[in-house]
Structure formats: C-alpha cells, structure tokens
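Visitor: Could you take me through a close look at one part of this protein, the buried inside of the fold, and show me which residues meet there? I am new to this, so please go slowly and start from a single residue.

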Amino acid sequence: MWTSRPTVDHYLSKSSREGRALTYEWSNYRRADLEMNQAKGTWDRRILDPFEVQDDWFEILLPTLELIVVDERIPLHRRDDALFTLRTLGLGDGDDILAARLAWYEPFTEGMVDLQYISKKAPLIARAVRKRLAELNPAAFDDEQTHFRSFLDGDCTLKILRKTAPRLAETIDAALRRPDERAKRR
C-alpha cells in the first residue's frame with residue numbers, strides 16, 4: 001500500500017552482528033513506512049522479509065479491511081512468522097493501518113476514484129474488491145454487462161454506475177458491505 005511516510009529500513013538491523021556487516025549493502029535495504037520500520041525494531045528474521053512474501057500469502061477482508069494470513073497459501077514453516085509480523089507491526093487490524101486502508105477504500109465506495117486507481121495505490125484492497133465482485137451472479141444484471149466490464153476495467157466509478165446502471169450499482173454496494181465470516185468481531 002502506498003505510504004506518505006516512506007523510510008529506508010535495514011531488514012537485518014544495524015544492531016545485530018549480521019546486520020552490521022550489511023549496513024551499507026543494497027541487498028539489506030527495504031522501503032518501509034516510518035511506523036512499520038520503528039515497530040519492527042530488531043526482530044530481524046522473525047518479521048517476514050517483504051522480498052520473500054508471495055503475492056497470495058495475505059488477503060484483505062471486506063468490509064472490515066482486516067488483513068489475514070491465507071493459511072493454505074503460505075508455507076507451513078512461515079505461518080507463525082506471518083502471524084507474528086501482523087501482530088507486531090499492527091498490520092492485521094491495528095487502528096492506524098485500518099484508518100490508512102479506509103482512506104483508500106472509502107473514496108472508492110463513494111465513487112470518487114475507480115478500481116484502477118485503487119489497484120495502483122492499494123492493490124490488496126483492489127484484489128479484495130475484485131474477489132468479492134467475482135462472486136456475483138452475472139445473470140442477475142445481464143442487461144448491464146457492458147457497465148460492469150467498464151467498472152472492472154476502471155473506466156467508470158461507482159458514482160457513475162449509480163447514475164447509469166443503478167440496479168448494478170446497488171448489487172455491487174450490497175456485495176461490498178456483506179461481512180466476511182473470517183473477520184474478527186470488533
């Protein structure tokens with residue numbers, strides 16, 4: 001997710017023996033949000049290295065925006081570290097990260113930005129939206145398929161859909177509001 005507070009993190013901290021040897025090595029630098037960098041501290045190998053994380057290890061749940069580990073996709077030997085990373089950095093459902101995700105998701109649901117924009121700025125949120133929309137029955141809005149494709153391609157926003165294809169927009173809104181049973185109860 002895009003951050004307004006980027007920093008350069010030494011993945012292996014400068015205070016560890018291994019990290020000191022890599023202090024000026026490009027291979028040890030990671031772009032990180034300032035708060036994530038500070039929260040990581042010296043946990044080094046216990047926090048997942050972003051270069052090792054695979055694209056499908058984590059998933060955002062709608063509408064809570066909670067980040068979860070996808071157990072069946074992450075290697076068994078990395079699951080504990082993944083859960084530790086979410087907890088330690090507050091990435092799962094920490095107030096700050098949820099507020100940051102909401103700052104991207106809300107303009108989308110209000111129709112101010114399109115799905116392509118969210119894909120660039122908050123790709124996990126966009127993936128969650130696409131997954132949720134893939135669950136819709138296309139036959140339910142057969143006469144509005146062109147509008148739906150246009151929406152998925154980022155050619156229009158929900159605000160535009162609400163005017164041009166209100167039944168489709170209502171279906172999408174309902175799908176995006178439907179709780180995911182895997183979300184924590186807050």
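**A close look at the buried inside**

Guide: Let us start with V113, which touches P107, F108, I118 and T157 once residues up to four places away in sequence are set aside. Please keep in mind that this is a predicted model. You will find V113 in the loop between helix 4 (95-109) and helix 5 (115-121). Is V113 buried or exposed? Its relative accessibility is 17%, and because the cut-off for buried is under 20%, V113 counts as buried. One of its partners comes from another stretch of the sequence: T157 is 44 residues away along the chain, yet the C-alpha atoms of V113 and T157 are separated by 6.1 Å.

Now follow another of those partners, F108, which V113 touches. F108 belongs to the largest nonpolar core, a set of 43 residues. Along with L161, I172 and L176, F108 is among the residues with the most contacts inside that core. What does L161 touch, leaving aside its neighbours within four places in sequence? Its contacts are H147, F151, C156, P166, L168, A169 and I172. Notice I172 in that list, as I172 is another of the residues with the most contacts inside the core.

From I172 we can step across to L133, a residue of helix 6 (residues 123-134). L133 is buried because its relative accessibility is 3%, and the cut-off is under 20%. Beyond residues up to four places away in sequence, L133 touches F148, F151, L152, I172 and L176. F151 is a handy landmark here, being in contact with L161 and with L133. As for L176, it stands 43 residues from L133 in sequence, while their C-alpha atoms are 8.0 Å apart in space.

What do these pairs look like against the whole chain? Among the contacts with a separation of 6 or more, 58% are between residues 24 or more positions apart. The chain has 186 residues, and buried residues make up 45% of them. Its secondary structure comes to nine helices and four strands, and read along the sequence the order is β-α-β-α-β-β-α-α-α-α-α-α-α.

So far we have looked around helices 4 to 6; let us move to some loops that come earlier in the sequence. D49 sits in the loop between helix 2 (34-40) and strand 3. This charged residue is buried, with a relative accessible area of 6%. Setting aside neighbours within four places in sequence, D49 is in contact with Y11 and R30.

The loop between strand 3 (58-60) and strand 4 holds P63 and L65, and each has something to show in its backbone. The peptide bond that leads from L62 to P63 is cis, with omega near -5°. At L65, phi is near 70°, a positive value in a residue other than glycine. L65 is buried too, at 2% relative accessible area.

Just after strand 4, in the loop that leads from strand 4 to helix 3, comes I74. Its relative accessible area is 2%, which makes I74 buried. Leaving aside neighbours within four places in sequence, I74 is in contact with W57, V69, R79 and A82. The C-alpha atoms of I74 and D55 are 9.9 Å apart, with their positions 19 residues apart in sequence.

Strand 4 and helix 3 bring us to a last stop, the second largest pocket. Its volume is about 220 Å³, and it is lined by 13 residues. Strand 4 (67-69) and helix 3 (76-89) are the elements that give two or more residues to this lining. Which residues lie nearest the centre of the pocket? They are L67, L83, L86, G92 and K184. By character, the lining divides into five nonpolar, three polar and five charged residues.

Step back now and look at the outside. The chain's accessible surface comes to about 10,900 Å², and carbon and sulfur atoms hold 54% of that area. Taken along the principal axes, the C-alpha atoms fill a box of roughly 65 × 30 × 25 Å. If you want to retrace the path, go from V113 to its partner F108, then look for L161, I172 and L176, which share with F108 the most contacts inside the core.

Conventions. Residues are numbered from 1 along each chain as its sequence is written. This is a predicted model: local features need pLDDT of at least 70, side-chain atom pairs count only at pLDDT 80 or more; totals for chains, interfaces and linings use all residues. Side-chain values use heavy atoms; hydrogens and water are left out. A nonpolar core is a set of buried Ala, Val, Leu, Ile, Met, Phe, Trp, Tyr and Cys residues joined through side-chain atoms within 4.5 Å. Buried means under 20% relative accessible area, exposed over 50%, partly exposed in between (1.4 Å probe, protein chains only). Contact means heavy atoms within 4.5 Å. On a 1 Å grid over the protein atoms alone, a cavity is a set of points where a 1.4 Å probe fits but cannot get out, and a pocket is an open set with protein on both sides within 12 Å along at least five of seven lines; lining residues have an atom within 4 Å of a point. Grid points are joined across faces, edges and corners, and a volume is the space filled by probe spheres set on the points. Accessible areas come from the Shrake-Rupley method with a 1.4 Å probe; for residues, only the protein chains shown count as cover.
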